[in-house]
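Work through the exercises below with the sequence and the model open. Each task is followed by a solution in steps.

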Amino acid sequence: MDIIDFIIGGLLANAMPHFVIGITKTKFLGLFGYSPKGNIMYALLQFIICIILITIKYSFKDIITNGFFMGPLAVMTLYFIFGKWILAFYNRESDQ
């Protein structure tokens with residue numbers, strides 16, 4: 001492991017809470033201020049930088065066979081795709 005691996009892991013680990021905080025509309029300081037949209041954009045920026053760094057450092061075969069990266073990547077991708085829908089579904093159910 002070297003410093004690039006540490007940065008990749010840190011970016012991916014930090015992107016998820018900022019995205020969740022953004023979609024739940026909780027005030028939390030991110031790179032773009034306290035707004036929910038700012039936290040979502042900050043999470044997206046970190047996610048994109050993480051993907052760029054990992055594709056520069058590793059080959060495609062190395063990426064898809066690395067479970068320590070693919071697991072969090074899958075969770076983060078699912079949050080980006082389904083996060084708002086899941087939040088709306090569970091909030092609607094608890095209001096009844």
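**Exercise 1. The salt bridges**

Task: Find how many salt bridges the whole structure holds, and say which parts of the chain the D2 and K57 pair ties together.

Solution:
- Step 1. The model is a predicted one. A search of the whole structure finds two salt bridges.
- Step 2. One of them pairs the side chains of D2 and K57, at 2.7 Å from N to O. D2 sits in the segment before α1 and K57 in helix α2, so this pair ties together parts 55 residues apart in sequence.
- Step 3. A salt bridge also joins the side chains of D5 and K57, at 3.4 Å from N to O. D5 belongs to helix α1 and K57 to helix α2, so parts 52 residues apart in sequence are tied together here.
- Step 4. The bridges share partners, and D2, D5 and K57 form one network.
- Step 5. Check both distances against the cut-off: a salt bridge needs the nitrogen within 4 Å of the carboxyl oxygen. The D2 and K57 pair has 2.7 Å, and the D5 and K57 pair has 3.4 Å.

**Exercise 2. Exposure of two bridge partners**

Task: Decide whether D2 is buried, partly exposed or exposed, and do likewise for K57.

Solution:
- Step 1. Recall the limits: buried is under 20% relative accessible area, and exposed is over 50%.
- Step 2. D2 has 35% relative accessibility, so D2 counts as partly exposed.
- Step 3. K57 has 32%, so K57 is partly exposed as well.

**Exercise 3. The overall layout**

Task: Describe the secondary structure, the extent and the contacts of the protein.

Solution:
- Step 1. Count the elements. There are four helices and zero strands. From the N terminus on, the order is α-α-α-α.
- Step 2. Take the extent. The C-alpha trace spans about 50 × 25 × 15 Å along its principal axes.
- Step 3. Look at burial. The protein has 96 residues, and 26% of them count as buried.
- Step 4. Look at the contacts with a separation of 6 or more. Residues 24 or more positions apart account for 57% of these.
- Step 5. Turn to the surface. The accessible area is about 6,600 Å², and 72% of it belongs to carbon and sulfur atoms.
- Step 6. Add the charges. There are 7 positive and 5 negative side chains, and the centres of the two sets lie 11 Å apart.

**Exercise 4. N39 and L87**

Task: Is N39 buried or exposed, and which residues does L87 touch beyond four places away in sequence?

Solution:
- Step 1. Place N39 in helix α2. Its relative accessibility is 0%, so N39 counts as buried.
- Step 2. List its neighbours beyond four places in sequence. N39 touches H18, F19, I21, G22, F28, L29, G30, G33 and Y34.
- Step 3. Place L87 in helix α4, residues 67-94. At 25% relative accessibility, L87 is partly exposed.
- Step 4. With residues up to four places away left out, L87 touches I23 and T24. L87 and I23 are 64 residues apart in sequence, yet their C-alpha atoms are 7.9 Å apart in space.

**Exercise 5. A nonpolar patch**

Task: Name the residues that make the nonpolar surface patch of about 820 Å², and place L31.

Solution:
- Step 1. The patch is made by L31, F32, M41, L44, L45, I48, I49, I52 and I56.
- Step 2. L31 lies in the loop between α1 (3-23) and α2 (36-57).
- Step 3. L31 has a relative accessible area of 54%, so L31 is exposed.

Technical notes. Residues are numbered from 1 along each chain as its sequence is written. This is a predicted model: local features need pLDDT of at least 70, side-chain atom pairs count only at pLDDT 80 or more; totals for chains, interfaces and linings use all residues. Side-chain values use heavy atoms; hydrogens and water are left out. Patches are made of residues with over 30% relative accessible area and no salt bridge: like charges are joined within 9 Å, nonpolar side chains (Val, Leu, Ile, Met, Phe, Trp, Tyr) within 5 Å. Accessible areas come from the Shrake-Rupley method with a 1.4 Å probe; for residues, only the protein chains shown count as cover. Helices (H or I, at least four residues) and strands (E, at least two) are DSSP runs, numbered from the N terminus. Buried means under 20% relative accessible area, exposed over 50%, partly exposed in between (1.4 Å probe, protein chains only). Contact means heavy atoms within 4.5 Å. Lys and Arg count as positive and Asp and Glu as negative; His and the chain ends are not counted. The place of a charge is taken as NZ of Lys, CZ of Arg, CG of Asp or CD of Glu.
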